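Let's take a stroll through a protein model and see how its parts fit together. Keep the 3D view open as you read.

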Amino acid sequence: MPSTIVLNGNAAAAEAVKQVKPDVVTVYPMASGAEMMGHIASFAADGLIDSEIINMESGHSAMSGCIGASAAGGRVFTFAASQSLAAMHETLFIASSLRLPIVAAIVNGALAAPANMIADHADSMAERDCCWIQIFSENPQEIYDNIIQAYKIAEHMDVRIPIMVAADGFISSHSMENVIIEEVGEVAEFVGKFTPFQSLLDSDNPKTIGSRDMSQYYFEYKVNQLQGIENSRKVIKEVGKEFGNRFGRYYGFFEPYKLENAEYALVLMGSSTGTAKELIDELRAGGEKVGLLKLRIFRPFPSAELREALAGLTAVAVLERVLTPGSAGGPLFNEIRSALYDVEKRPSIFPYVYGLGGRDIRMEHFREIVKEMKAGQEEVVETGVEVKYVNLREAND
Amino acid sequence: MISLKEMAKKEDLFVSGHEMCPGCGIPVILKIVLRTTKCPLVVSNASGCLQSASTNFPATSWKLNWIHTAVENAAGTMSGIQATYSSLKKQGKLPVDKKIKFLVIGGDGATYDSGLRSISGAMERGEDFVYLCYDNQLYACSGGQRSSATPMGAATTTSPSGNVLPGKLQPRKNISNIFAAHEIPYVAQSAPWIWQDLYKKAERAFETTGPAYLNVLNPCPSMWKAPANKSIEITKLAADTCVWPIFEIKDGTKVTVNYKPKKKLPVTLWLESQARFTHLLKVENNWIVKKIQEEVDKDWEFLISSENKNRTN
């Protein structure tokens with residue numbers, strides 16, 4: 001029987017890891033997710049899991065250890081947040097290029113300076129081109145569900161691409177909610193056994209992994225690598241459906257919320273969607289045709305599906321928790337605007353930046369955004385609209 | 001003591017076709033070290049000359065399981081490999097009697113400089129691996145830049161000799177002592193000229209349970225600006241001038257000096273053997289030669305006194 005337990009996101013992640021039973025877990029502490037790793041280390045100390053826990057001396061080594069462990073044929077888990085994810089940067093490219101199905105929980109946090117580490121997508125967005133699948137979670141239940149699904153997706157023979165399961169630091173990672181924990185046997189059966197494609201421990205079949213590859217083959221290597229992340233589109237959908245069929249919670253690239261017959265929509269990722277949904281309920285109750293789209297999969301970016309979901313709308317406000325200096329809007333805004341470029345009747349698209357360094361975004365802010373979005377329709381909206389900052393202090397405030 | 005003939009009969013796990021420079025010491029060192037264990041090996045190789053010149057895709061010189069990730073994390077990568085090995089054994093997914101040895105290889109840049117944190121971490125965790133540093137005293141793969149292993153006075157592209165500066169101003173980092181201070185079971189320094197010593201030390205390193213560190217002087221004629229056919233002799237000169245002492249340290253404190261020159265030669269002979277030091281032979285640079293000699297003498301005396309200390313203990 002599944003059980004419902006009150007857990008925060010860190011504990012929910014640890015429960016998923018306990019059930020998926022990785023062979024190796026590498027650890028480098030960061031305040032926002034250290035509790036998760038503490039739980040996992042306790043499971044190992046109590047003999048509940050056989051995982052080897054490696055206490056690394058840096059985030060860079062934590063990912064390097066994952067690469068080694070995965071290349072040796074192990075199922076692997078690690079965690080990173082904010083600075084430690086940035087410290088992993090070069091190794092993230094290596095992990096995906098070696099086609100290693102590593103799963104990492106990312107407790108999203110702001111990047112210094114100033115030192116902060118609280119909810120902010122700057123850390124994940126800085127890694128958006130490293131060929132990892134990026135899944136964003138709203139709450140502890142989704143963190144648990146997404147980690148379980150991540151192993152099934154990453155280890156699929158057609159994919160073999162590492163996955164980051166992200167959640168907002170000190171918000172989703174720390175808030176306590178009811179979380180349905182599935183039966184361990186059910187989860188094990190769902191995820192399946194990991195059969196490594198190759199292993200450094202297979203002494204009869206020596207291989208050279210990570211060789212030098214100059215201009216003769218590098219280009220082809222990198223383009224071929226894309227097949228994995230492209231193939232993942234199908235697998236993500238299948239796994240989300242299979243998960244739903246088994247456990248009753250269905251997942252896709254995104255979650256549309258009251259989008260049917262909507263004229264206006266908010267698009268965002270992560271923990272703040274909870275608040276935004278409250279506002280949508282309120283506005284819908286007042287007869288306003290407003291909906292929401294919560295993006296779950298940022299990489300691979302589901303352009304085609306988003307196009308279908310958003311094409312008929314009058315206006316869309318894209319909200320993101322990241323600053324993209326020197327760019328006309330953030331990565332989510334640019335991807336969505338690009339996805340909608342070819343539709344016959346394009347909605348107006350407004351870029352908003354909110355919540356940097358863990359700044360609150362509340363009902364009144366979402367309400368204001370909807371109001372602005374509606375007002376914008378009276379005039380022709382040019383491309384390259386100015387980014388608006390939500391709940392930013394005025395000078396001298 | 002193994003004979004050259006016996007050693008030659010053993011299978012070569014590092015084979016020809018690589019692109020190492022003429023006179024480079026790395027293939028010589030490897031051919032000795034890789035012959036010292038019968039166990040299958042996994043190698044984690046840091047970025048550098050060896051990694052770059054031995055694996056030009058789709059070719060490889062390695063007849064064993066080998067991985068390269070980046071420059072500063074070869075030890076951390078190996079930590080993961082070993083953890084999978086331990087975990088799979090614990091779970092019965094690998095036969096209990098299956099034995100694999102783990103060898104991490106890096107140049108001095110990847111060891112003294114960028115990899116230091118990663119190696120220190122793996123040593124502190126007490127992992128069962130051998131770390132082999134082929135130390136040619138500079139970043140050679142990128143064209144000859146200063147590393148913290150570069151000896152005082154050497155000219156490199158980033159510590160050149162000019163009208164004002166006489167090459168590198170600082171003495172090299174004493175990495176063997178740093179790793180010995182981790183109180184790991186085995187630390188040894190050797191060089192290709194004394195191949196029996198290197199063989200014995202590599203054998204001992206593989207037999208050691210826990211971390212073992214081998215610091216091997218790697219002659220680099222290309223960057224040392226020395227004749228390629230003299231590279232092994234030059235490493236002997238390094239020992240006879242006490243620039244590169246041959247010693248081992250067990251359990252962090254027990255020092256044995258394995259080679260003591262009958263007559264300790266002046267460092268000038270070592271400096272004269274390589275054009276990277278030519279500028280030091282100018283009169284105005286006498287002061288630095290004097291300083292180099294003082295540093296070498298100080299380190300040698302410290303080594304001898306450490307050996308004597310553990311004798312008297």
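## Two domains, two chains

Chain A is split into domain 1 (3-247) and domain 2 (254-389). Keep in mind that this is a predicted model. The C-alpha centres of those two domains of chain A are 28 Å apart. Where they meet, 25 residues of domain 1 of chain A are in contact with 21 residues of domain 2 of chain A. On the domain 1 side, the elements giving two or more residues are α6, β6 (133-136) and α9 (218-247) of chain A. The largest share there, five residues, comes from α9(A).

Chain A also touches chain B, and that contact takes 37 residues from chain A and 38 residues from chain B. On the chain A side, β2 (24-27), β3 (52-55), α3 (59-71), α5 (89-97) and β9 of chain A each supply at least two residues. The largest share of that side, nine residues, comes from α3(A).

Here is the make-up of the two sides of contact by class:

| Side | Nonpolar | Polar | Charged |
|---|---|---|---|
| Domain 1 of chain A, touching domain 2 of chain A | 13 residues | six residues | six residues |
| Chain A, touching chain B | 14 residues | 15 residues | eight residues |

## A sheet built from both chains

Now look for an open sheet of nine strands with mixed pairing, in the order β9(A)-β2(B)-β1(B)-β3(B)-β4(B)-β6(B)-β5(B)-β7(B)-β8(B). β9 (208-209) of chain A and β8 (254-259) of chain B stand at the edges with a single partner strand each, so one side of each has no neighbour in the sheet. Helix α8 (residues 195-207) of chain B packs on the sheet, touching strands that include β3 (101-107), β5 (186-190) and β7 (246-250) of chain B. The direction of α8(B) makes about 160 degrees with that of β5(B).

How does β9(A) join strand β2 (residues 65-67) of chain B? The two run parallel and are joined by two bridges. In that pairing, I209(A) stands opposite I67(B). Elsewhere in the sheet, β4 (residues 130-135) and β6 (residues 212-217) of chain B pair in the parallel sense over six bridges. There, Y131(B) stands opposite Y213(B).

## The nonpolar core

Nonpolar side chains tend to be buried together in soluble globular proteins. The largest nonpolar core here has 221 residues, and I147(A), V165(A), A265(A), V318(A) and L214(B) touch the most other members. Helix α7 (residues 140-154) of chain A gives the most to this core, with eight residues. Both domains of chain A give residues to the core, so it lies between them. Zoom in on I147(A): leaving aside neighbours within four places in sequence, its contacts are A13(A), A16(A), V17(A), V20(A), V103(A), A105(A) and V165(A).

## One enclosed helix, one partly exposed residue

Why is helix α12 (residues 331-339) of chain A called largely enclosed? Seven of its nine residues are buried, so the rest of the structure largely encloses α12(A). Among the buried ones are P331(A), F333(A), E335(A) and R337(A). Their cover includes α6 (122-125), β11 (264-268), α11 (303-310), β14 (315-320) and β15 (348-353) of chain A.

Chain B has an α12 too, spanning residues 286-312, and K291(B) sits in that helix. Is K291(B) buried or partly exposed? K291(B) has 14 other C-beta atoms within 10 Å, which means it is partly exposed. K291(B) and G153(B) are 138 residues apart in sequence, with 9.4 Å between them in space, C-alpha to C-alpha.

Technical notes:
Residues numbered from 1 in each chain as written. Chains lettered and ligands numbered in written order. Predicted model: local features only at pLDDT ≥ 70, side-chain atom pairs only at ≥ 80, totals over all residues. Buried ≥ 20, exposed ≤ 12 C-beta atoms within 10 Å, placed from the backbone. Helix = DSSP H or I, 4+ residues; strand = E, 2+ residues; numbered from the N terminus. Contact = placed C-beta atoms within 7 Å. Pairing = 2+ DSSP bridges. Axes fitted to C-alpha atoms, helices over the stretch in contact; angles between N-to-C directions. Core = buried A, V, L, I, M, F, W, Y, C linked by C-beta atoms within 7 Å. Domains from an automatic or database assignment. Nonpolar A, V, L, I, M, F, W, Y, C, P; charged D, E, K, R; others polar.
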